[in-house]
Amino acid sequence: MMDCTDRHGRYFLRLLSKNVMLYTEMVATKSAIHGDRKKILSFNEIEKPLGLQVGGSDKKELSLVSKIAEDLGYDEININLGCPSKKVQKNKFGACLIKEPDLVAECINEMVNSCKIPVSAKTRIGFDDIEDFNYLNSFIKKISDSGCKIIILHARKAILKGLSPKENLKVPKLNYPMVYEIKKENNNLEIIINGGITDCFQIKDHLKKCDGVMIGRAIYQNPYFLADIENEIFDNTDVPTRSEITEKLVEYVKDEVKKGTRVNQIMRHTVGLYHGKTGANKWRRYLSDNMMARDSDFQKVHHIMEIAQNNEKANQTIS
Ligand SMILES: Cc1cc2nc3c(=O)[nH]c(=O)nc-3n(C[C@H](O)[C@H](O)[C@H](O)COP(=O)(O)O)c2cc1C
């Protein structure tokens, strides 16, 4: 997710879950090729398994970036076929490519032939006036024939004109049955369902009909949901508490600050750590008063441990 799953956000999320697959935010092929590669593509080994998501429709560029992703140690390369933003459409990538199955198939073919890591695609179930099983199914068949066997389906269509990206995440109605039908019809493919999933009951239900579940906003707003997933879906009984997470993160901040990272670049991802819990306001307020400024002082990070420990005690008392 743009501005959310950068390397610091992913490091934090990985402290909460060992088992989930993490993805980068979308990186345009041109930035990956010509930009500051260390800044844009580097990651910490702890973040793995990690997929690189790219945006593009130039097959030579996509091929090159797939090779780069493999060489850097990414576990998967994912092509974005779902972003409806105007800027992305202007550059001819994202959701507008659902209209061009042949071009997408050629791109995927080049990607698959350039690397040995899995090539996956993230797309929507339709666009504008088209929300049609046959259209989607033939699109999926085309891209799977060119070698993409993992498809993440955001269960709503994209409206390419007239809606902002934000509206495109809530105005088009969710249509989970369409995703289930795609899985039924393409049992050989790994179909991952995405869109509006917010609790473990829903996850368990989707897993009866699909191979996996992708979650975006619910995790970013309430990162500890990942620990619940770790526990309920992966049967991991050893999930860390919020204050244990904070302790590890403070160590990470210490190391990163030495390398020139600003405190706020890391701590901004933790705003929702106490979501729905006693102490959430105190946590958020402390972060916003002390750690959101560009020049936030590292010394103030230590105090956050005290808040975390007090919050932990307060929540134990309640439960
Ligand atoms: C702030 C924000 C940034 C996003 N950035 C990306 C992105 O870079 N690539 C992508 O495939 N989807 C992106 N999305 C869409 C999400 O990955 C996801 O498909 C969508 O939010 C629906 O899932 P959810 O209801 O679990 O959030 C973004 C969504 C938001 C809210």
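This is a short walk through one protein structure, from its overall form down to a few single residues.

Please keep in mind that you are looking at a predicted model. Let us begin with the whole chain. The protein contains 15 helices and 8 strands. Its C-alpha trace spans about 55 × 40 × 40 Å along the principal axes. How does that fit with a compact globule? For 319 residues, a compact globule would have a radius of gyration near 20 Å, and the protein has 20 Å, so the two agree.

Next, think about inside and outside. Of the 319 residues, 53% count as buried. The protein exposes about 15,400 Å², and carbon and sulfur atoms supply 49% of that area. Charges come next: there are 49 positive and 43 negative side chains. The centres of these two sets lie 4 Å apart. Contacts tell you how the chain meets itself. Among contacts with a separation of 6 or more, 70% are between residues 24 or more positions apart.

Now let us zoom in, starting with threonine 24. You will find threonine 24 in the loop between strand S1 (22–23) and strand S2 (27–28). Is threonine 24 buried or exposed? Its relative accessibility is 5%, and buried means under 20%, so threonine 24 counts as buried. Leaving aside residues up to four places away in sequence, threonine 24 touches Met1, Thr5, Arg10, Leu50, Gly51, Leu52, Gln53 and Tyr74. With glutamine 53 there is a further detail: the side chain of threonine 24 reaches the backbone nitrogen of glutamine 53 at 2.9 Å. Leucine 41 is 17 residues from threonine 24 in sequence, and their C-alpha atoms are 8.7 Å apart in space.

Serine 120 is another good stop. Serine 120 sits in strand S5, which covers residues 119–124. With 0% relative accessibility, serine 120 counts as buried. Which side chain does serine 120 join through a polar contact? The partner is asparagine 78, and the contact is 2.9 Å. Asparagine 78 also appears among the residues that serine 120 touches, along with Glu76, Ile77, Ile79, Cys148 and Ile150, when residues up to four places away in sequence are not counted.

A second serine, serine 164, lies in the loop between strand S6 (150–154) and helix H8 (176–185). Serine 164 has a relative accessible area of 29%, so it is partly exposed. Along the chain, serine 164 and proline 84 are 80 residues apart, while their C-alpha atoms are separated by 8.0 Å.

Helices offer some stops too. Asparagine 137 belongs to helix H7 (residues 133–145). At 9% relative accessibility, asparagine 137 counts as buried. Beyond residues up to four places away in sequence, asparagine 137 touches Ile182, Glu185 and Asn186.

Helix H12 (residues 242–258) holds glutamate 251, and lysine 248 lies in helix H12 as well. Glutamate 251 is partly exposed at 43% relative accessibility, and lysine 248 is partly exposed with a relative accessible area of 46%. Now look at where each sits relative to a residue far back along the chain. Lysine 248 and leucine 15 are 233 residues apart in sequence, and 7.9 Å apart in space from C-alpha to C-alpha. Glutamate 251 and glutamate 25 are 226 residues apart in sequence, and their C-alpha atoms are 24 Å apart.

Finally, let us look at the backbone itself. Most residues other than glycine have a negative phi, and most peptide bonds are trans. With that in mind, where can you find a positive phi in a residue other than glycine? Aspartate 3 has a phi near 65°. Aspartate 3 is placed in the segment before helix H1 (7–16), and counts as exposed at 56% relative accessibility. Lysine 92 has a positive phi too, of about 60°, although it is not a glycine. The loop between helix H5 (86–90) and helix H6 (101–114) is home to lysine 92, which is partly exposed with a relative accessible area of 35%.

The last stop is a peptide bond. Lysine 48 and proline 49 are joined by a cis peptide bond, with omega about 0°. Proline 49 itself is in the loop between helix H3 (37–41) and strand S3 (50–55).

Definitions and conventions
Residues numbered from 1 in each chain as written. Heavy atoms only, no water. Helix = DSSP H or I, 4+ residues; strand = E, 2+ residues; numbered from the N terminus. Rg over C-alpha atoms; globule rule 2.2 N^0.38 Å. Buried < 20%, exposed > 50% of the residue type's maximum accessible area, 1.4 Å probe, protein only. Contact = heavy atoms within 4.5 Å. Areas by Shrake-Rupley, 256 points an atom, 1.4 Å probe, with all protein chains shown as cover. Lys, Arg positive; Asp, Glu negative; His and termini not counted. Charge placed at Lys NZ, Arg CZ, Asp CG, Glu CD. Polar contact = N/O pair within 3.5 Å; in protein donor to acceptor, adjacent residues only side chain to side chain.
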